[in-house]
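Grab a pencil and open the viewer. Here are some exercises to work through, with a solution under each one.

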Amino acid sequence: MIKKLLLLVLISFISTTIQSQEKGKEAPKDYTENVLTIDSTVNSLYQVISGEKEKKRDWALFKFLFHPDGKLITSGRNNERKFQIRYMNPDDYIKSSGKWMLEKGFFEKEIHRTVDAFGNIAHVFSTFEAFHNKTDDEPFMRGINSIQLLNDGNRWWIINVFWDNENRINPIPRNYLPK
């Protein structure tokens with residue numbers, strides 16, 4: 001009888017402990033609204049990576065934007081002036097850029113966009129300026145993001161973000177700048 005009573009008390013204690021731990025956890029956020037349209041998906045990409053120094057990014061949202069096989073691809077010249085590209089999945093991007101964004105502050109602002117879509121695919125050419133602070137007058141970098149998207153019938157997925165930065169040899173063409 002005493003063993004049964006102790007067993008019931010132990011089960012009750014464990015159950016109460018588990019319930020109180022679960023109450024302390026945040027429910028997962030619903031990011032559905034962020035991927036309903038091409039605009040909401042691209043805008044969410046810019047919003048999630050942008051923030052002041054020491055402002056944590058919502059990396060769960062960042063990952064949610066990308067198809068499971070999605071990639072981020074950077075291009076440019078290395079120290080030996082050879083052209084190269086680097087393929088990253090969202091986790092690789094977070095590992096390589098997340099700490100830098102926290103330390104320096106990073107705002108990427110879209111200044112021009114062209115969209116071509118057919119069926120369930122879309123291509124967005126998005127010209128950007130990058131700042132360390134929201135209040136900076138001049139960008140420290142400009143470039144173009146080439147964003148490929150897929151609509152699976154339920155939502156838009158980012159398949160690839162492939163970008164190149166502007167430099168004196170490679171200026172952004174006028175047709176990709178604000179009018």
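## Exercises on pockets, strands and rings

**Exercise 1. Sort the lining of the second largest pocket by residue class, then find out which elements supply it.**

Solution. Start with the classes: the lining has eight nonpolar, five polar and two charged residues. Keep in mind that you're working on a predicted model. Next, the space itself: the second largest pocket holds about 190 Å³. Of its 15 lining residues, F125, I144, W163, D164 and N170 are the closest to the centre. Now the elements: strand 5 and strand 6 are the ones that give two or more residues to this lining. Strand 6 has the largest share, with four residues.

**Exercise 2. Do the same for the largest pocket: what is its volume, and which residues lie nearest its centre?**

Solution. The volume comes out at about 720 Å³. Go round the wall and you'll find 32 lining residues, with T74, S75, M141, W163 and N165 nearest the centre. By class, that lining splits into 16 nonpolar, nine polar and seven charged residues. Finally, look at where they come from: helix 2, strand 1, strand 2, helix 4, strand 5 and strand 6 each put in at least two residues. W163 is worth a click, as it is listed among the residues nearest the centre here and among those closest to the centre of the second largest pocket.

**Exercise 3. Trace how strand 5 pairs with strand 4 and with strand 6.**

Solution. Take strand 4 (residues 121-131) and strand 5 (residues 141-151): they run antiparallel and are joined by ten bridges. For a checkpoint, find F125, whose bridge partner in strand 5 is S146. Then move to strand 6 (residues 156-165), which pairs with strand 5 over nine bridges, again in the antiparallel sense. Your checkpoint on this side is I144, opposite D164 of strand 6. Strand 5 and strand 6 make a hairpin with four residues between them, and G153 in that turn has a positive phi of about 100°.

**Exercise 4. Classify the ring pair F62 and Y93: what do the centre distance and plane angle say?**

Solution. The structure has nine aromatic pairs, and this is one of them. The ring centres are 5.4 Å apart and the planes meet at 25°; planes under 30 degrees apart count as stacked, so this pair is stacked. The two residues come from distant parts of the chain, 31 residues apart: F62 sits in helix 3 (residues 59-65) and Y93 in helix 4 (residues 90-104). Both residues are buried. Widen the view and you'll see one aromatic cluster made of W59, F62, F66, Y93 and W163.

**Exercise 5. Over which rings does the charged end of R155 sit?**

Solution. Check F64: the charged end of R155 sits over its ring, 4.4 Å from the centre. Then check W157: the charged end sits over that ring too, 3.4 Å from the centre.

**Exercise 6. Look at phi for E54 and R81, and decide whether each residue is buried or exposed.**

Solution. Begin with the background: most residues other than glycine have a negative phi. E54 has a positive phi of about 65° although it isn't a glycine, and it lies in the loop between helix 2 and helix 3. With a relative accessible area of 60%, E54 is exposed. R81 also has a positive phi, near 70°, in the loop between strand 1 and strand 2. Its relative accessibility is 53%, and exposed means over 50%, so R81 counts as exposed.

How values were computed
Residues are numbered from 1 along each chain as its sequence is written. This is a predicted model: local features need pLDDT of at least 70, side-chain atom pairs count only at pLDDT 80 or more; totals for chains, interfaces and linings use all residues. Side-chain values use heavy atoms; hydrogens and water are left out. Two strands pair if DSSP finds at least two bridges between them. Rings of Phe, Tyr and Trp (its six-membered ring) pair if their centres lie within 6.5 Å; planes under 30 degrees apart count as stacked, over 60 as edge-to-face and the rest as tilted. Buried means under 20% relative accessible area, exposed over 50%, partly exposed in between (1.4 Å probe, protein chains only). A charge sits over a ring if NZ of Lys or CZ of Arg is within 6 Å of the ring centre and within 35 degrees of the ring normal. On a 1 Å grid over the protein atoms alone, a cavity is a set of points where a 1.4 Å probe fits but cannot get out, and a pocket is an open set with protein on both sides within 12 Å along at least five of seven lines; lining residues have an atom within 4 Å of a point. Grid points are joined across faces, edges and corners, and a volume is the space filled by probe spheres set on the points. Ala, Val, Leu, Ile, Met, Phe, Trp, Tyr, Cys and Pro count as nonpolar, Asp, Glu, Lys and Arg as charged, and the others, Gly among them, as polar.
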